[in-house]
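User: I should like to go through a structure with you, one topic at a time. Please keep the answers plain.

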Amino acid sequence: MQFGLTEEQDLIVSTVRSFVETEIYPLEDEIEARGAVPAEIGRQIRDKVLEMGFYAANFPESVGGGGLNNLEFALLERELGRGSMALTHFFGRPQNILMACEGDQIDRYLLPAVRGEKMDALAMTEPDAGSDVRGMSTTARRDGGDWVLNGTKHFISGGDHADFFIVFVATGVDDTPHGPKKRITCFLVDRGHPGFEVLPGYKSVSHAGYHNVILKFEDCRLADNQVLGAVDGGFEVMNSWLYATRITVATMCVGRARRAFDYALSYAVERKQFGKQIGKFQGVGFKLADMVTEIDAADWLTLSAAWRLDQGLPANREIASAKLHASEMLARVTDEAIQVYGGMGLMDDLPLARFWRDARVERIWDGTSEIQRHIISRELLRPLGG
Amino acid sequence: MKVLVPVKRVIDYNVKVRVKADNTGVELANVKMAMNPFDEIAVEEALRLKESGGADEVVAVSIGPTQNQETIRTALAMGADRGIHIEAPHEIEPLAVAKLLKEVVAREEPGLVFVGKQAIDDDCNQTGQMLAALLGWAQGTFVSGIEIKGDSAAVIREVDGGLEHLEIRMPAVVTVDLRLNEPRYASLPNIMKAKKKPLDSMSAADLGVDIAPRLTITRVEEPPAREAGIKVCDVAELVDKLKNEAKVI
């Protein structure tokens, strides 16, 4: 067992940290106040990252990506997690699922995404299908040689800057002993395609500036070469490629928690009340002790889950544990960081209130805490006949 | 032409430096270290010179404990071709550093030495000048602009009165100032390549240099905390306070 980083991993961490501190932090307040990232700022970040060769670091070198493994990518995401998500979105980590591209899809979607020429967004959630993904009611039916899509998707993160969408829709129903089960197919849909509309989404309490959109399909006609993976094989591509995105959520939570903790720690030393540093009062000192213990636990849990993926070991339960613990830890740590600051922690002169608001969504997206607990308990009970 | 770039490992500029409890120095245990920011500017300038065809090799050298190899790797990840590590204690004086660099220069025969004008830890601002003197080379210090013209270099120096334009004979030592350039980030491909790039390690004794300290540090203290300012009502009060309280006029 070895808990240290290699020299390369160390340099990845220090380089990304330095980028986030230098290029992202100074823009955060303005983006938060504005509630959006101007396209020009997005392009500037993207161009710098392209120049650094860090764009699409999660893709194999064979398609022009950075070739990082899951552990290295988790380290990169952890450092990005320190910064505002609205801005770090442009650091460019296209959805791995694009590796399922075949034929002309490679030149039309995969390579432009890796080169930073096109941005993607993933569309699964619907107004009536959240945790119950398979309950989706957006459909695609055969008409001649084409597919015709109808329905609505919402909460589509990063959709305002996306050039194309990776959309999951129902393409039929199977009768099974457990009842009817929808067949799902994944499609690639270009912004501006006839019958497809991208509408502004809801205003969220978390991650102002990182927008969600609503997608509307009205007799949207797509050719066969827009199908990603096999027809009715949507769940298979989803499971092969989207399995690890929960690690991204977990590790970003760890990065943000460390930043919040750094604020709390320095304030505990600077701030004096009753004639001494507040950190010397047990009420504050013990908070710091609990915070760092929880952050470290989440950090190691997440990195070990990523390491398991790299080793080809079963990791579903461990990834769920990491996502569950890291997102719930972030809620507690950001809350306690504000408590250490007292009233000042709530003012927007400091980023703590923002961290606290942003933390809320982490327990919901990419599988709620309850879904993660369901996965964990199922993995434990199933082998015992449960 | 080869460019030699000495890089120093210092406390990261974001870290709040603390004096050790026994007043013998500053706390280095568990403190984040990084390349001296002025040396990063020197590496960047050397890389730009290479990219524009003015140099064919960039060699980074660092003097200090084994951990200094991390600083060299950072230079290699930025794009330097090769590294040299000279094992020495962290607290080594500028004269000893200059003597060691002189031996490295004798072995490597670079056309230029680019180095930060000073290190942000001790702020000595001596090494570049001492190295040039020991070598008998020309020196351009506090440089914010440089252009190579055959056997000489046109440099712009940041001096108290403004900018000084000089032409210096090469080989030369150039100490770089803040406004010379904006250093690049390490690139992912270069990070991955950094470990495969050659890094020679040697000791001060291998170079036959006596690095024994000539100075004794008697005590290290925090600077006095700055007191809050005051507002004065008029010029008369200002003059009175400057004369009778601050006693500066």
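User: What volume does the largest cavity have?
Analyst: The largest cavity has a volume of about 380 Å³. A cavity here is a set of points, on a 1 Å grid over the protein atoms alone, where a 1.4 Å probe fits but cannot get out. Grid points are joined across faces, edges and corners, and the volume is the space filled by probe spheres set on the points. Please note that this is a predicted model, in which local features need pLDDT of at least 70 and side-chain atom pairs count only at pLDDT 80 or more, while totals for chains, interfaces and linings use all residues. Residues are numbered from 1 along each chain as its sequence is written, chains are lettered from A and ligands numbered from 1 in the order in which they are written, and side-chain values use heavy atoms, with hydrogens and water left out.

User: Which residues are closest to the centre of the largest cavity?
Analyst: They are Lys8(B), Asp39(B), Val97(B), Ala119(B) and Thr127(B), out of 29 residues that line the largest cavity. A lining residue has an atom within 4 Å of a point.

User: Which element gives the largest share of that lining?
Analyst: Strand 4 of chain B does, with four residues. The elements that give two or more residues are strand 4 (57-64), helix 3 (94-108), strand 6 (112-116) and helix 4 (127-135) of chain B. Helices (H or I, at least four residues) and strands (E, at least two) are DSSP runs, numbered from the N terminus.

User: How many residues of the lining of the largest cavity are nonpolar, polar and charged?
Analyst: The lining of the largest cavity has 12 nonpolar, 11 polar and six charged residues. Ala, Val, Leu, Ile, Met, Phe, Trp, Tyr, Cys and Pro count as nonpolar, Asp, Glu, Lys and Arg as charged, and the others, Gly among them, as polar.

User: How many cavities of 30 Å³ or more are there?
Analyst: There are three cavities of 30 Å³ or more. The second largest has a volume of about 50 Å³. Among the residues lining the second largest cavity are Glu93(B), Lys99(B), Asp210(B) and Arg214(B). That lining divides into five nonpolar, no polar and four charged residues.

User: Turning to the contact between the chains, what area do chain B and chain A bury?
Analyst: Chain B and chain A bury about 1,400 Å² between them, 63% of it on carbon and sulfur atoms. Buried area is the accessible area (1.4 Å probe) that two parts lose on being put together, summed over both. Tyr185(B), Leu188(B) and Ile191(B) supply 48% of the area that chain B buries against chain A, more than any other three residues. In contact terms (heavy atoms within 4.5 Å), 12 residues of chain B meet 17 residues of chain A.

User: And how many salt bridges are there between chain B and chain A?
Analyst: The count between chain B and chain A is one salt bridge, a term for a side-chain nitrogen of Lys or Arg within 4 Å of a carboxyl oxygen of Asp or Glu. Glu7(A) forms a salt bridge with Arg73(B), with the closest N and O atoms 2.6 Å apart. Over all chains, the structure holds 46 salt bridges.

User: Which residue does Arg82(A) meet in a salt bridge?
Analyst: Arg82(A) meets Asp262(A), at 3.0 Å from N to O. The pair links distant parts of the chain, 180 residues apart: Arg82(A) is in the loop between helix 3 (70-80) and helix 4 (85-88) of chain A, and Asp262(A) is in helix 7 (residues 245-270) of chain A.

User: Now the strands: in which sense, parallel or antiparallel, do strand 4 and strand 5 of chain A run?
Analyst: Strand 4 of chain A and strand 5 (residues 179-190) of chain A run antiparallel, joined by 12 bridges. Two strands pair if DSSP finds at least two bridges between them. A hairpin connects strand 4 of chain A to strand 5 of chain A through two residues, and Val169(A) has Thr185(A) as its bridge partner in strand 5 of chain A. Strand 1 (residues 120-123) of chain A pairs with strand 4 (residues 164-176) of chain A in the parallel sense over four bridges.

User: Where is Pro171(B) found?
Analyst: Pro171(B) is found in the loop between strand 9 (162-169) and strand 10 (172-176) of chain B. A cis peptide bond joins Met170(B) and Pro171(B), with omega about 5°.

How values were computed. On a 1 Å grid over the protein atoms alone, a cavity is a set of points where a 1.4 Å probe fits but cannot get out, and a pocket is an open set with protein on both sides within 12 Å along at least five of seven lines; lining residues have an atom within 4 Å of a point.
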